[in-house]
Amino acid sequence: MIHTGGVLAAGPYHITFDWPVFFSQLFGFAVIVFVTVKWIVPPVKRMMERSQDAIRKQLEESAEAANRLAEAKQSYDKAAAEAQAELERMRTDAQSDAEHIIAQMREAAAVEVERVRKQGRDQILQLRRQLIRDLQHDLTMSMLDRTEEKVRAQVASNQVRSDSIEKFIDDLEALANGTLHRRAQSRWN
C-alpha cells in the first residue's frame, strides 16, 4: 500500500493529498484575500480612522472640559470668597448703620421726652394759673356775696339806712368840693 501519488498515511485514516483541489482552494483563498484587501479593508479602515478621530476629538474635548471645569471651579471659589467678603462688609455696614440709627433714635427720643416734659410743665403751670384765677374769682364772688349779705343785714334797719345815705351824700359833697377845689388850684397855678 505504498502509493506515492499523494497518500500521506495508510490504515484506518486513509488520508490522501489532492493537488488540484489544493490549488483551487489556494486560488479561492487568494481571491477572498484580494477582495477583502481591495474592497472591504479600505472602508473598514476609514470607519476605524473616523472612530479613532471621533474618540481623539472626544478625548480632547473632555480634556478641554476638564480644564474649563477646573477654571470654573476656581472662578466659583474666587466668586464665593468675594461674595463672603462682600457679605461680611455688608453685615459690618449694616451693623454700623443700625447702631447709628439707634443712636439717632435715642437722641430723637430724648429730645421728644424733653419736649413733652416742657409741654407738660407749661400745661401744669397754665392749669395752676387758671385754677388760681378761678379760685380768686370764686373767693371774690363769695366775699362779695357775704359782704352783700352783711350789708343788707345792716341796711335792713331804717336808722342804718338813713345813716349810710347821709354818709354817702357827705362823701359825694366832699368829693365834689375836693374836685372843684383842685380844679381851681390847677387854674391858678
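Read from the N terminus onwards, the protein runs β-β-α-α, which amounts to two strands and two helices. This is a predicted model, and the confidence is uneven along the chain: the mean pLDDT comes out at 86, with 88% of residues at 70 or more. Helix H1, covering residues 19-155, does best at a mean of 92, while strand S1 (residues 7-9) sits at the bottom with 62.

There is little in the way of a buried interior here. Just 1% of the 189 residues count as buried. The exposed surface adds up to about 17,600 Å², and carbon and sulfur atoms account for 62% of that.

Part of this surface is a nonpolar patch, made up of Phe27, Val31, Phe34, Val35, Trp39, Ile40, Val44, Met47 and Met48. Together these residues offer about 900 Å² of accessible area. Phe34, one of the patch members, belongs to helix H1. A patch of another kind turns up further along the sequence, where Asp163, Glu166, Asp170, Asp171 and Glu173 bring negative charge together on the surface. Of these, Asp171 sits in helix H2, residues 158-188. With a relative accessibility of 46%, Asp171 falls into the partly exposed class, because that class spans the range between under 20% (buried) and over 50% (exposed).

As for charge pairing, side chains of opposite charge can pair when their charged atoms come close. The structure has six salt bridges. One of them joins Asp53 to Arg56, with an N to O distance of 2.7 Å. Both residues are in helix H1 and are three residues apart, so about one turn of the helix lies between them. Neither partner is tucked away: Asp53 is partly exposed at 40% relative accessible area, and Arg56 is partly exposed at 43%.

Arg89 takes part in two such contacts, one with Glu86 and one with Asp93. In the pair with Glu86, the closest N and O atoms are 2.2 Å apart; in the pair with Asp93, the N to O distance is 2.7 Å. The spacing along helix H1 fits a simple picture. Glu86 and Arg89 are three residues apart, about one turn, and Asp93 is about one helical turn from Arg89 because the two are four residues apart in that helix. The outcome is a salt-bridge network linking Glu86, Arg89 and Asp93. Its members are again partly exposed, with relative accessibilities of 33% for Glu86, 41% for Arg89 and 33% for Asp93.

Definitions and conventions:
Residues are numbered from 1 along each chain as its sequence is written. This is a predicted model: local features need pLDDT of at least 70, side-chain atom pairs count only at pLDDT 80 or more; totals for chains, interfaces and linings use all residues. Side-chain values use heavy atoms; hydrogens and water are left out. pLDDT is the predictor's confidence in each residue, from 0 to 100. Patches are made of residues with over 30% relative accessible area and no salt bridge: like charges are joined within 9 Å, nonpolar side chains (Val, Leu, Ile, Met, Phe, Trp, Tyr) within 5 Å. Accessible areas come from the Shrake-Rupley method with a 1.4 Å probe; for residues, only the protein chains shown count as cover. A salt bridge is a side-chain nitrogen of Lys or Arg within 4 Å of a carboxyl oxygen of Asp or Glu. Lys and Arg count as positive and Asp and Glu as negative; His and the chain ends are not counted. The place of a charge is taken as NZ of Lys, CZ of Arg, CG of Asp or CD of Glu. Buried means under 20% relative accessible area, exposed over 50%, partly exposed in between (1.4 Å probe, protein chains only).
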